[in-house]
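Trainee: Could we go through the terms used for this model, and ask each time what earns the label?

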Protein chains: 2
Amino acid sequence: MTETRARYMDCSKSGNVAERMCELLGMECNVLTDIVFSFSGLATRGGGTGVHADGWGLALYDGPVARVFLEPAAAAYSPLATFIRQHPIKTLLAIAHVRRKTRGQMTLANTHPFVRELWGRHFVFAHNGTVKRLERLKLGRFKPAGRTDSEYAFCALLAALQHDFKERPSRAQLAQAVAAHSKRIGAEGTFNFLLGDGDQLYARCSTKLHYIVRKAPFKKATLCDDDVCVDFAEVTTPDDRVAVVATMPLTRDETWTAGEPNTMWVFRNGKLAKTLAS
Amino acid sequence: MTETRARYMDCSKSGNVAERMCELLGMECNVLTDIVFSFSGLATRGGGTGVHADGWGLALYDGPVARVFLEPAAAAYSPLATFIRQHPIKTLLAIAHVRRKTRGQMTLANTHPFVRELWGRHFVFAHNGTVKRLERLKLGRFKPAGRTDSEYAFCALLAALQHDFKERPSRAQLAQAVAAHSKRIGAEGTFNFLLGDGDQLYARCSTKLHYIVRKAPFKKATLCDDDVCVDFAEVTTPDDRVAVVATMPLTRDETWTAGEPNTMWVFRNGKLAKTLAS
């Protein structure tokens, strides 16, 4: 499946897009898919129509590891972000972030998503919000390289998972543990996040998160922030399923599901596999 | 300093460049420098004039962390490698690799350089050769994501460093420990490598490695594999120093120093800081 072949159509722009802030974007699919359509919407908000001009990142899994593109600069004016849109890489699982900094300088070390290896896999993490009272969190073997609360919270989450499981646990066990530790870590502050392990996408809603699953019958979709439409019926097969998670809906003519605060979605094979309290 | 502004000159090509295999490339400087000139030579060998068509990677440090570009495909024909040459990123420390596979499939997880976080910094590693009898090496907390002997040896090296030092040690202690553990790990097989920590570049010669330090008075240099010259006098200031390490010399009109087998160079601030037995 592709998200690439967007056709430019006569779509009138909607109102104040800067208010519809989007910082997180995740995609999880049952067939190799590029993320160009959704990433275009996100990149536009990264210093273009939005206020998230302090950095951007995109992680694309290939098996147990991810390649990660990071820039401590506005996505909207980034030649690298443009290159990625022009040379799409297909993946089953992607996590992207555009940053408006609350803590930490505009450096590479402070740019989401963050990556660490655990149990021989890359874990990729992007966060929206601010986690408070970090000193209550144990870090264990994972040390932050930058100065964000986000990376600190990510390291604390991985340390807790590593403490619970010496080897990689079952999917159900891992999801339960991620939900439980996230609840604890996010108890003070705002902890909306996307977490990937190359197998599942974990999406925690603390205050604001939305998802959609695109599947047959596919329809046309129009980005909120750009006059860009794509008719997914033209670029899909009937068995394709693509779950997309974003802080705010990226399209204006599809029905997105809003997350309940303090819940975590788990996506697998382009489906919402489960919703857990978190 | 820049390596970018290469002027095309009338340089006749030398003989069989495929024989002059180059897999490793490192650069360590006292002033922000882009690696375009040397990376162009390396990328040409990645499936162009050379036989290293199984993947390439480039890590560019920015403080304690590195951004890493990886592709399990030939560098010579890679749009991403071309993009990087056209949009140079300046850095004080870079490690690049083009791969001719000996073990492991052509996947992202098997593509050098490899990255792990230790003591809140990225360690970046690229290897030339084959390490044998991996089962004798202890892995500790770092698990390979791919199936190469290289990543396995890197994980074993980091596990040993982590075992020796709970916190980041002094530069001298770290260099000694890297040299000692590398000697042990590389005792069976061939273990030429480049290792970076955002502070120093460690370059171990098992069988074949060369370096040059470019400093005032700067001169013209011509890539072996391309008819590309750069006059560094035009693009430098008198205080600039750039150390470049490569499996084989990348230029044909400069004097490169060959490594002694079982030694390790440590570069810092664009200088050879020390040479250790390893």
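Mentor: What follows sets values against definitions, one term at a time.

Mentor: This is a predicted model, so local features need pLDDT of at least 70 and side-chain atom pairs count only at pLDDT 80 or more, while totals for chains, interfaces and linings use all residues. Residues are numbered from 1 along each chain as its sequence is written, chains are lettered from A and ligands numbered from 1 in the order in which they are written, and side-chain values use heavy atoms, with hydrogens and water left out.

Trainee: Why is Cys155(A) called buried?

Mentor: Buried means under 20% relative accessible area (exposed is over 50%, partly exposed in between; 1.4 Å probe, protein chains only). Cys155(A) has 0%, so it is buried.

Trainee: And what makes Cys29(B) and Cys205(B) buried?

Mentor: The value for Cys29(B) is 2%, so it counts as buried. Cys205(B), at 0%, also counts as buried. In chain A, buried residues make up 62% of the 278 residues.

Trainee: Where is Cys155(A) found, and what is it in contact with?

Mentor: Cys155(A) is found in helix 3 (residues 149-164) of chain A. Helices are DSSP runs of H or I with at least four residues, strands are runs of E with at least two, and both are numbered from the N terminus. Contact means heavy atoms within 4.5 Å. Leaving aside neighbours within four places in sequence, the contacts of Cys155(A) include Arg116(A), Leu139(A) and Phe142(A).

Trainee: How many disulfides are there?

Mentor: Zero over all chains. A disulfide needs a pair of cysteine sulfur atoms within 2.5 Å.

Trainee: What makes the relation of chains A and B that of a two-fold axis?

Mentor: A rotation of 180° with 0.0 Å of shift along its axis superposes chain A on chain B, with RMSD 0.0 Å. That is the relation of a two-fold axis. The fit is by least squares on the C-alpha atoms of residues with pLDDT of at least 70 in both copies.

Trainee: How do you know that the copies meet through the same surface?

Mentor: 100% of the interface residues of chain A are also interface residues in chain B, so the surface is the same.

Trainee: Which residues of chain B are among the closest to the centre of the largest cavity?

Mentor: They are Val68(B), Val115(B) and His122(B). The lining residues divide into 22 nonpolar, four polar and 10 charged. Here Ala, Val, Leu, Ile, Met, Phe, Trp, Tyr, Cys and Pro count as nonpolar, Asp, Glu, Lys and Arg as charged, and the others, Gly among them, as polar.

Trainee: What makes a space a cavity?

Mentor: On a 1 Å grid over the protein atoms alone, a cavity is a set of points where a 1.4 Å probe fits but cannot get out; lining residues have an atom within 4 Å of a point.

Notes:
On a 1 Å grid over the protein atoms alone, a cavity is a set of points where a 1.4 Å probe fits but cannot get out, and a pocket is an open set with protein on both sides within 12 Å along at least five of seven lines; lining residues have an atom within 4 Å of a point.
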